[in-house]
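Hi everyone, thanks for coming along. Please have the sequence and the structure open in front of you, and we'll walk through a few places together.

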Amino acid sequence: MCKVTRGIILGVMILMASNLTSTAKGYEGFKVAVYTRAQEVNKMGDVNWLSTRWDEISRQVHVDKIYLETHRDVVLVSEETMEKAKKFFADKGVEVAGGITYTIMESNRFQTFCYTRPESRKRVKEIAEYTAKQFDEVILDDFFFTNCKCEACIKAKGDQSWSEFRLDLMKGAAKNLIVGPAKKVNPKVKFVIKYPNWYEHFQGCGFNLEAQPKIFDGIYTGTETRDPVYTDQHLQQYESYLVFRYFENIKPGGNGGGWVDTGAMRYMDRYAEQLWDTIFAKAPEITLFDFRQMVSPIREGLKAAWQGQQTSFDYNDMMKPIKLADGTEVAPSTMARAAGYAFEQIDSFIGKLGNPVGVVSYKPYHSVGEDFLHNFVGMCGVAMDLRPEFPTDANIIFLNESAKFDKKIVEKIKGQLDAGKSVMITSGLYKSLQGNGIESIVELRIDGEKAITSKFWSRRSFWGRQGTVYESKSPIIISEIKYLTNDSWEEVSCLASGNGYPILHSADYAKGRLYILTIPDNFGDLYNYPAEVLNQIREVLMKDIYVRIEGPAQVAIFVYDNDTFIVESFLDEPADIRVVADKRIGKLKDLVTNEEVAGELIQPPARRFGPVVAPDKMGFNLKLKPHSFRVFKGE
Ligand SMILES: [Zn+2]
């Protein structure tokens, strides 16, 4: 028997077995895809090589779709090899799509193509045409940007900034080198651009979120956040949710999915969290990067210190043999099992979640300022909904420094206040709008002075009677906000050597109220604000949402419009939280365990002045395990 025939027969036998596994059935509410780099597709001409690995992957995680890449790092897969790979997957009923990575050398600081020099432009176009000829759907991995500063690019830039030059350059490249030529070769082709996780900085390398989503048929989202501490991006875990929602708001209905790799994590729960939070954002598809990583061995070293407490990602449970339908058992072996196990933990309830809702925030296209702050706010337990257009429909909006890129932002804030709505802005936004009209709403001064503080108190529970001072876990450096007495008011304050400064400040204007939130110099210190400080910030921001949480930071809430919500802790130790819901919700039903949690009516704090307030909220006390979520339906 020749080697190839033997390989095929082995492949068929393995296929028969793998079709009977428990992972043969798809997941409800989301599809799973695996991306394959050109380097691995190049090996797929050897069916034996391919079938062995595919069997290992597909018996540990259900896969609906495979992306096969034609190009990366100047590696181009031949049509002959690609045909074999396409046929292999099509025969197994797996959906097949193409992919392109426009890199010259990924390992050389992500060396991209030059989009100025004619010979480089020609090559970009040829690769798009070559791929479109072979596939009806093509996705660009997230390197369709340029960091080229060759002489030709420097000359072409002229007096523009790099951001201006590259935004325009890559808008043209999308149209004239990618989508246009591809559609000429294959009019049916659906071309999708995948954007990575560094959305705040896209303009610098020419990712054009304003123009490109209109040029491409679809967009896709890199939701990998990896380790928030020990990576140079320091992306917060909440971003896996937020960035998908943000891109969905840029192209409603056109954001095809989220994309996660297995890189840069210190414990395996982090991998599962990225997958979960992407799907909690209602991504219809999730792509596992990549084929190679899916066959990489499970490393015992990634078992976290808090394992053994029946947390949401239970390492020992994951390592139990997978039962095949024919009764045989297979031991988990590779990272594909970590993905499969993570999906099985959420499969039962994703279909029951409604549409995500959150505190509306606005980040103009190509803006930067207080970089990625919205994710820190999300980590403080505020459900966020980031949008690219100013949201006039919301009763309260949250604006950070990036909003200064809208030249009419002060007028727009006034418009909201005139209409009787509230706006919360950060100290960073106020500071950058000083001298640009913000004083016409309220006269504050935020100059260079700093205070170091670790004590906090709330005006509403202190003034005129005994109150409590709350301490932060460590000292925090803040900007001093100065205001004019009796013109605006401290809601939450900090103390520093007998002095004090606003943390949450408010000013009435027309029929509305402007809040100013002091952001610590290090955004990470938001997590050190005492729970009571965070509770008051959450109460203001989430007043129109039927549910919120009280408790420490690094516990997130994901809220849906059908009385379902998820609370997820990213803390390494257990956390006590209180869910605060509208009075109409009498109990919470856990959608995983069916357990019911009873609530009690929350009595509003006694007030010295003003009318008596009737209780209108229910409280539900919960304990969350480390790195674990709970999902509820309010009833
Ligand atoms: Zn160049």
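**A walk around Glu401 and beyond**

Let's start with one residue and its company. If we leave aside its neighbours within four places in sequence, Glu401 is in contact with Gly369, Glu370, Thr426, Gly428, Leu429 and Ser432. Before going on, please keep in mind that this is a predicted model.

Where does Glu401 sit? You'll find Glu401 in the loop that runs between strand S17 (396-399) and helix H15 (409-418). Is Glu401 buried or exposed? Glu401 counts as buried because its relative accessible area is 17%, and the cut-off for buried is under 20%. The side chain of Glu401 also has a polar contact, at 2.8 Å, with the side chain of Lys404.

Now step back along the chain into strand S17. Here is a handy thing to remember: in a regular strand, side chains alternate between the two faces of the sheet. In S17, Ile396 and Phe398 point one way, while Ile397 and Leu399 point the other way. All of these residues are buried.

Which strands pair with S17? One is strand S15 (residues 359-362), which pairs with S17 in the parallel sense over 2 bridges. Another is strand S18 (residues 422-426), which runs parallel to S17 and is joined to it by 4 bridges. Ile397 is a good residue to click on here. Val360 stands opposite Ile397, and in S18 the bridge partner of Ile397 is Val423. Thr426, which we met as a contact of Glu401, falls within the residue range of S18.

Next, let's look at empty space inside the model. Rolling a probe the size of a water molecule over the atoms shows where such space is left. How many cavities of 30 Å³ or more are there? The count comes to 2.

The largest cavity holds about 80 Å³ of space. Its lining is made of Val377, Cys380, Val382, Phe398, Leu517, Leu526, Leu534, Ile537, Arg538 and Leu541. You may recognise Phe398 from strand S17. By class, this lining has 9 nonpolar residues, no polar ones and 1 charged.

Which helix gives the most to that lining? Helix H17 (residues 531-541) does, with 4 residues. H17 is mostly covered, with 8 of its 11 residues buried. Those buried residues are Val533, Leu534, Asn535, Gln536, Ile537, Arg538, Val540 and Leu541. As a general reminder, an α-helix has 3.6 residues a turn, so residues three or four places apart point the same way. Try that idea on Leu534, Ile537, Arg538 and Leu541, which are among the residues lining the largest cavity.

The second largest cavity has about 50 Å³ of space. Around it you'll find Tyr199, Phe202, Gln203, Phe207, Leu209, Tyr246, Lys363, Tyr365, His366 and Ser367. This lining divides into 6 nonpolar, 3 polar and 1 charged residues.

From cavities we can turn to a pocket. The second largest pocket has about 530 Å³ of space and a lining of 21 residues. Which of them lie nearest its centre? They are Phe110, Pro196, Asn197, Trp198 and Gln233. By class, the lining of this pocket has 8 nonpolar, 5 polar and 8 charged residues.

Now for a sheet. Here 6 strands form an open sheet with antiparallel pairing, in the order S14-S27-S28-S34-S30-S31. Strand S14 (356-357) and strand S31 (596-598) are the edge strands, each pairing on one side only. S14 runs antiparallel to strand S27 (residues 555-560), and 2 bridges join them. To find that pairing on your screen, look for Pro356 opposite Tyr560 in S27.

Let's finish with some backbone details in loops. Gln554 is in the loop between strand S26 (547-550) and S27, and its phi is near 65 degrees, a positive value in a residue other than glycine. Ser497 also has a positive phi, near 50 degrees, and lies in the loop between strand S23 (489-496) and strand S24 (499-509). Ser497 counts as exposed because its relative accessibility is 83%.

Which peptide bond should you look at last? The one from Phe289 to Asp290 is cis, with omega near -5 degrees. Asp290 is in the loop between strand S11 (285-289) and helix H11 (291-294). Thanks for listening!

Key. Residues numbered from 1 in each chain as written. Predicted model: local features only at pLDDT ≥ 70, side-chain atom pairs only at ≥ 80, totals over all residues. Heavy atoms only, no water. 1 Å grid on protein atoms, 1.4 Å probe; cavity = no way out; pocket = protein on both sides within 12 Å on 5 of 7 lines; lining within 4 Å. Points joined across faces, edges and corners; volume = space filled by probe spheres on them. Nonpolar A, V, L, I, M, F, W, Y, C, P; charged D, E, K, R; others polar. Buried < 20%, exposed > 50% of the residue type's maximum accessible area, 1.4 Å probe, protein only. Polar contact = N/O pair within 3.5 Å; in protein donor to acceptor, adjacent residues only side chain to side chain. Contact = heavy atoms within 4.5 Å. Pairing = 2+ DSSP bridges.
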